[in-house]
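User: I would like a close look at one part of this model: the enclosed spaces and what sits in them. Please set that part in the context of the whole chain.

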Amino acid sequence: MGKKIKIDIKNKIGVTSWKTDAHERAHITIKEDICAKCPHQLCIAGCPTECFKFYDDKMTFQYEDCVECGACDIMCDQGSIEWSNPRGTYGVTYSRG
Ligand code: SF4
Ligand code: SF4
């Protein structure tokens with residue numbers, strides 16, 4: 001059986017840089033009322049940087065760590081996510097790619 005390799009993406013994103021926009025200009029927002037009734041919460045497992053967390057019966061979203069992969073927008077079939085590209089000069093900058 002092949003050797004398992006665990007990749008710690010949250011740690012590896014230290015090589016990436018961000019310019020974080022203000023909260024009122026977050027490029028992704030969620031609707032908590034929709035998330036509260038979500039049957040699967042796929043966004044939690046699918047976000048590589050763990051921006052989605054469920055605390056006290058409430059979904060929380062941290063846009064600051066987003067690497068703009070788009071996975072959550074594809075996985076959320078409940079209409080909760082509003083996704084847009086960050087304003088010019090804001091968001092993630094990849095140092096290797
Ligand atoms: S998949 Fe969509 S509706 Fe479900 S918890 Fe995640 S963001 Fe909310
Ligand atoms: S775009 Fe990617 S990194 Fe950003 S919140 Fe969605 S799944 Fe996470």
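To begin with, what percentage of the 97 residues in the protein chain is buried? Then take me through the cavities, their linings and the ligands.

Analyst: This is a predicted model. Buried residues account for 28% of the 97 residues in the protein chain.

First, the frame. The protein chain has four helices and six strands. Read from the N terminus, their order is α-β-β-α-α-β-β-α-β-β. Along the principal axes, the C-alpha atoms fill a box of roughly 45 × 35 × 25 Å. Contacts often reach far along the sequence: of those between residues at least 6 apart, 72% join residues at least 24 apart.

Now the enclosed spaces. There are two cavities of 30 Å³ or more. The largest cavity has a volume of about 120 Å³. It is lined by 15 residues, and Cys35, Cys38, Gln41, Cys43 and Cys76 are the closest to its centre. Two elements, α2 (32-35) and α3 (42-46), each give two or more residues to this lining. By class, the lining of the largest cavity holds 11 nonpolar and four polar residues, with no charged ones.

This cavity is occupied. Ligand 1 sits in the largest cavity. Around ligand 1 are Cys35, Cys38, His40, Gln41, Cys43, Met59, Cys76, Gln78, Ser80 and Ile81. That shell divides into six nonpolar and four polar residues, and no charged residue is part of it.

Next, the other site. The second largest cavity encloses about 70 Å³ of space. Its lining has 14 residues, and those nearest the centre are Ile28, Cys47, Cys66, Cys69 and Cys72. Here the classes come to 11 nonpolar, two polar and one charged.

Ligand 2 takes up the space of the second largest cavity. In all, 15 residues surround ligand 2, and the closest are Cys47, Cys66, Cys69, Gly70 and Cys72. By class, the shell around ligand 2 has 12 nonpolar, two polar and one charged residue.

Gly70 deserves a closer look. Gly70 is in the loop between β4 (58-61) and α4 (71-75). It counts as buried because its relative accessibility is 16%, and the cut-off for buried is under 20%. Gly70 and Phe54 are 16 residues apart in sequence, and their C-alpha atoms are 20 Å apart in space.

Two other loop residues are worth checking for their backbone angles. Most residues other than glycine have a negative phi. Glu50 has a positive phi, near 55 degrees. Glu50 lies in the loop between α3 and β3 (52-55). Its relative accessible area is 40%, so Glu50 is partly exposed.

Asp56 has a positive phi as well, near 50 degrees. Asp56 is found in the loop between β3 and β4. With 80% relative accessibility, Asp56 counts as exposed, because exposed means over 50%.

To bring the two sites together: ligand 1 sits in the largest cavity, where Cys35, Cys38, Gln41, Cys43 and Cys76 are closest to the centre. Ligand 2 fills the role of occupant in the second largest cavity, with Cys47, Cys66, Cys69, Gly70 and Cys72 as its closest residues.

Notes:
Residues numbered from 1 in each chain as written. Chains lettered and ligands numbered in written order. Predicted model: local features only at pLDDT ≥ 70, side-chain atom pairs only at ≥ 80, totals over all residues. Heavy atoms only, no water. 1 Å grid on protein atoms, 1.4 Å probe; cavity = no way out; pocket = protein on both sides within 12 Å on 5 of 7 lines; lining within 4 Å. Points joined across faces, edges and corners; volume = space filled by probe spheres on them. Nonpolar A, V, L, I, M, F, W, Y, C, P; charged D, E, K, R; others polar. Near = heavy atom within 4 Å. Sits in = over half its atoms within 2 Å of the grid points. Buried < 20%, exposed > 50% of the residue type's maximum accessible area, 1.4 Å probe, protein only. Contact = heavy atoms within 4.5 Å.
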